Amino acid sequence: MQIRPIALRMRGLVIFRGLLEDPVVARLLALLECDPADEIAFADAYGAFCAALFPHTLDWGRYLKEAVLQQEDLYVVRHCGPGGAPEGMRAMLDSELTFLSRLTALASDEVLATAPRLEFLPRWSATPADLTAAYEARLANVGRTGYGMFARYHVFTVKDGKLIPVEHPDPQRLDQLPGYEAEREKVVANTRALLAGQPANNVLLYGDAGTGKSSAIKAIANRFAPEGLRLVEVKKHQLYQIPRLMDSLAANPLKFILFIDDLSFAANDDNFAALKAILEGSVGGRSSNIAVYATSNRRHLIKETLSDREGDDIHHADTMQELMSLSARFGLTVTFTRPDKERFSRIVQDLAAQYGVDQPADQLLTRAEAFAIRAGGRSPRVARQFIEMCKAGVL
């Protein structure tokens, strides 16, 4: 492959133009456009490319293949959107994939051949890849793998109305949460329905603090991420930003849980109306690939006072009915109650087995009960704190 024409072809990318913003690809382009006669500039550009590539891999071909398959490229966006991709775009896609397949085979020796005095520079490997075949496989499975940042991450937060990926999400697993399997199974079943494209409910998990409501949702997101589930954590004050975000997610082939943790409102909270709109959907109806999962310590979500009930509202009953109806907009409500002694004992023993805490059962449970009394009562959170302190040798 001749070096200069490669750079020109890269500059002309359309479908995969986003590749030029990739830091490794951008440094390769800078290297290919560098004049080998200017040995200092060429060596600097070469070193910059290697320094960008090597933290990921020594294989340029492998890196480029992953970059292509994870791109939020023009074709996949149109392909997954309403109406699909225009017919003429397919020829453009095939042409660029053919070029990029050849580019995966670009070896360091070919580049250094243009500057023979710089043979001391490091080498990279280049494994050729058939990107056309790989891309077709990606399209066939895009409902599970996603594209763009959705292919690289499965948990997101919201900032200024945009999704921000969480690089190191909570690794919580379902099998690490003993004691509430029956409650979680209802949420798991609803999630399976969402993934299968069947009608799925918005879900409210409410109950006592420390019973694992939030952990259950995070663990479910981790469990079903390989099947196309993505979790978007939303703060209460961000609810007004969500309708526009939901419109963009509705065209995505993946399935999404909007996760609102520790949800509650004051009676005059502006976010109350925003959540109602999210739960009911826009004028176009609720999107079938999005469900809202919320946790709360309050069944009716609205903080009330006696003065609220004794106010001067002429239609007081209607107002109270509206405030209390929010929780009814969650089609599935699952209650997590504080564990009794028997359930708490099972949780402690299961966690002890997970952490490798080897103590006589009677002694362990007696100490756990004493710890729970000092901590304010039994809960899975208290049980985990007790076992972790036992494991650390503090207790």
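**Exercise 1. Find how much surface the chain exposes, and which share of that surface carbon and sulfur atoms supply.**

Solution. The chain exposes about 19600 Å², and carbon and sulfur atoms supply 52% of this area. These values, like those that follow, are computed from a predicted model. To set the surface beside the interior, take the 395 residues of the chain, of which 46% are buried. The secondary structure comes to 19 helices and nine strands. As a last step, consider contacts between residues at least 6 apart in sequence: 76% of them join residues at least 24 apart.

**Exercise 2. Determine which residues touch the most other members of the largest nonpolar core, and which helices supply that core.**

Solution. The largest nonpolar core has 53 residues, and within it M10, W60 and L103 touch the most other members. Next, look at where the members come from: α1 (3-11), α2 (23-32), α3 (39-53), α4 (60-70), α5 (74-80), α6 (87-103), α7 (108-112) and α8 (131-140) each supply at least two residues of this core. Among these contributions, that of α3 is the most, with eight residues. Then follow one member in detail: leaving aside residues up to four places away in sequence, M10 touches L20, V25, L28, L29, L32, F99 and L103. Apart from this core lies another, of 37 residues, which includes Y180, I257, A291 and L351. As background, nonpolar side chains in soluble globular proteins tend to be buried together.

**Exercise 3. Work out which side chains of strand β9 are buried, and describe how β9 is joined to β3.**

Solution. Begin with the side chains along β9, which covers residues 332-336 and shows an alternating pattern. L332, V334 and F336 point to one face and are buried, whereas T333 and T335 point to the other face and are not buried. Now turn to the pairing: strand β3 (residues 203-207) runs parallel to β9, and five bridges join the two. One position can be followed across this pairing, since the bridge partner of V203 in β9 is L332. L332 is also one of the side chains on the buried face of β9.

**Exercise 4. Locate the nonpolar patch that contains M92, and decide whether M92 is buried, partly exposed or exposed.**

Solution. The patch lies on the surface and is formed by V14, L74 and M92, which together have about 220 Å² of accessible area. M92 has its place in helix α6. For the second part, the range for a partly exposed residue runs between 20% and 50% relative accessible area. M92 has a relative accessible area of 33%, so this residue is partly exposed.

**Exercise 5. For the salt bridges R117 with E39, E136 with R90 and D109 with R123, state where the partners lie and how accessible they are.**

Solution. The structure holds 13 salt bridges, and three of them are taken in turn here.

1. R117 pairs with E39, and their closest N and O atoms are 2.7 Å apart. Because R117 lies in the loop between α7 and α8 while E39 lies in helix α3, the pair ties together parts that are 78 residues apart in sequence. R117, at 65% relative accessibility, counts as exposed, whereas E39, at 24%, counts as partly exposed.
2. E136 pairs with R90, with 2.2 Å between the closest N and O atoms. This pair links distant parts of the chain, as E136 is in helix α8 and R90 in helix α6, 46 residues apart. E136 is partly exposed at 33% relative accessible area, and R90 is partly exposed at 24%.
3. D109 and R123 meet through their side chains in a salt bridge of 2.9 Å, N to O. Since D109 lies in helix α7 and R123 in the loop between α7 and α8, the pair ties together parts that are 14 residues apart in sequence. D109 is partly exposed, with a relative accessible area of 48%, and R123 is partly exposed, with 34%. Returning to the partners of the second pair, salt bridges that share partners join R90, D94 and E136 into one network.

**Exercise 6. Describe the setting of K236 and give the separation between its C-alpha atom and that of A274.**

Solution. K236 is found in the loop between β4 (229-233) and α13 (242-249). Its relative accessible area is 32%, so K236 is partly exposed. Along the chain, K236 and A274 are 38 residues apart, and their C-alpha atoms are separated by 9.6 Å.

Conventions. Residues are numbered from 1 along each chain as its sequence is written. This is a predicted model: local features need pLDDT of at least 70, side-chain atom pairs count only at pLDDT 80 or more; totals for chains, interfaces and linings use all residues. Side-chain values use heavy atoms; hydrogens and water are left out. Buried means under 20% relative accessible area, exposed over 50%, partly exposed in between (1.4 Å probe, protein chains only). Helices (H or I, at least four residues) and strands (E, at least two) are DSSP runs, numbered from the N terminus. Two strands pair if DSSP finds at least two bridges between them. A nonpolar core is a set of buried Ala, Val, Leu, Ile, Met, Phe, Trp, Tyr and Cys residues joined through side-chain atoms within 4.5 Å. Contact means heavy atoms within 4.5 Å. Patches are made of residues with over 30% relative accessible area and no salt bridge: like charges are joined within 9 Å, nonpolar side chains (Val, Leu, Ile, Met, Phe, Trp, Tyr) within 5 Å. Accessible areas come from the Shrake-Rupley method with a 1.4 Å probe; for residues, only the protein chains shown count as cover. A salt bridge is a side-chain nitrogen of Lys or Arg within 4 Å of a carboxyl oxygen of Asp or Glu.
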